Amino acid sequence: MLGENPIFSLLGMILSVVVIIGLAYWFTRYVAGRGGLGAFGPLKAGGGLEVLAQLPLGRDQKVIVVQAGQRYFLLGVTASEVSLLAEFTAEETACWLEQAKTADQKETPSFRQALDTVLRQKGRR
């Protein structure tokens, strides 16, 4: 019988893994093409709403900056509620966004540079 031969068992297992990987690839492509599945997809807000930035603070807690039309809000978000922390003027937001852009433009170290830094701190190099 085919099931008793270890070669056929190995080939069947490899074929199963390849099929599972193929289906996972196809599914992720399908989901990405449709814009995601709820919390797993990209954030798309309608009606002129846009999340400009977010900062996780803890489990199920974060602070987000939201643009609603020409107004900008700082919101505290938890699992049970959303609180308005502050409202920014357009000038304050423009200044903040400019600072965020310059911070993003700073070069991030490569993995090799980061590893060298850690090893030097540990005294191994």
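This section describes the salt bridges and the strand arrangement of a predicted model.

The sheet is described first. Four strands build an open sheet. Their order is β1-β2-β3-β4. The pairing is antiparallel. β1 (49–58) and β4 occupy the edges. Each of these two has a single partner strand, so one side of each lacks a neighbour in the sheet. On average, neighbouring strands of this sheet are turned by 20° against each other, direction ignored.

The β3 and β4 pair can be followed residue by residue. β3 covers residues 71–77, and β4 covers residues 82–88. The two strands form a hairpin, with four residues between them. Six bridges join β3 and β4 in the antiparallel sense. Gly76 has Ser83 in β4 as its bridge partner. Leu75 stands opposite Leu84, also a β4 residue.

Two salt bridges are present in the structure. One of them involves Arg71 and Glu87, with the closest N and O atoms 2.9 Å apart. Arg71 lies in strand β3, whereas Glu87 lies in strand β4. The two residues are 16 positions apart, and the pair links distant parts of the chain. The contact therefore joins two strands that also pair with each other through six bridges. Arg71 is partly exposed, at a relative accessible area of 44%. Glu87 is likewise partly exposed, at 41% relative accessibility. Both values fall between the 20% limit for buried and the 50% limit for exposed.The other salt bridge pairs Asp116 with Arg112. Here the closest N and O atoms are 3.8 Å apart, which is within the 4 Å cut-off for a salt bridge. Both residues belong to helix α3 (residues 111–122). Because Asp116 and Arg112 are four residues apart in this helix, about one helical turn separates them. Their accessibility classes can be stated separately. Asp116 is buried, with a relative accessible area of 16%. This value is under the 20% limit, so Asp116 counts as buried. Arg112 is partly exposed, with a relative accessible area of 48%.

In summary, the Arg71 and Glu87 salt bridge links strands β3 and β4, while the Asp116 and Arg112 salt bridge lies in helix α3.

Technical notes
Residues are numbered from 1 along each chain as its sequence is written. This is a predicted model: local features need pLDDT of at least 70, side-chain atom pairs count only at pLDDT 80 or more; totals for chains, interfaces and linings use all residues. Side-chain values use heavy atoms; hydrogens and water are left out. A salt bridge is a side-chain nitrogen of Lys or Arg within 4 Å of a carboxyl oxygen of Asp or Glu. Buried means under 20% relative accessible area, exposed over 50%, partly exposed in between (1.4 Å probe, protein chains only). Two strands pair if DSSP finds at least two bridges between them. Axes are lines fitted to C-alpha atoms, for helices over the stretch in contact, and angles run from 0 to 180 degrees between N-to-C directions.
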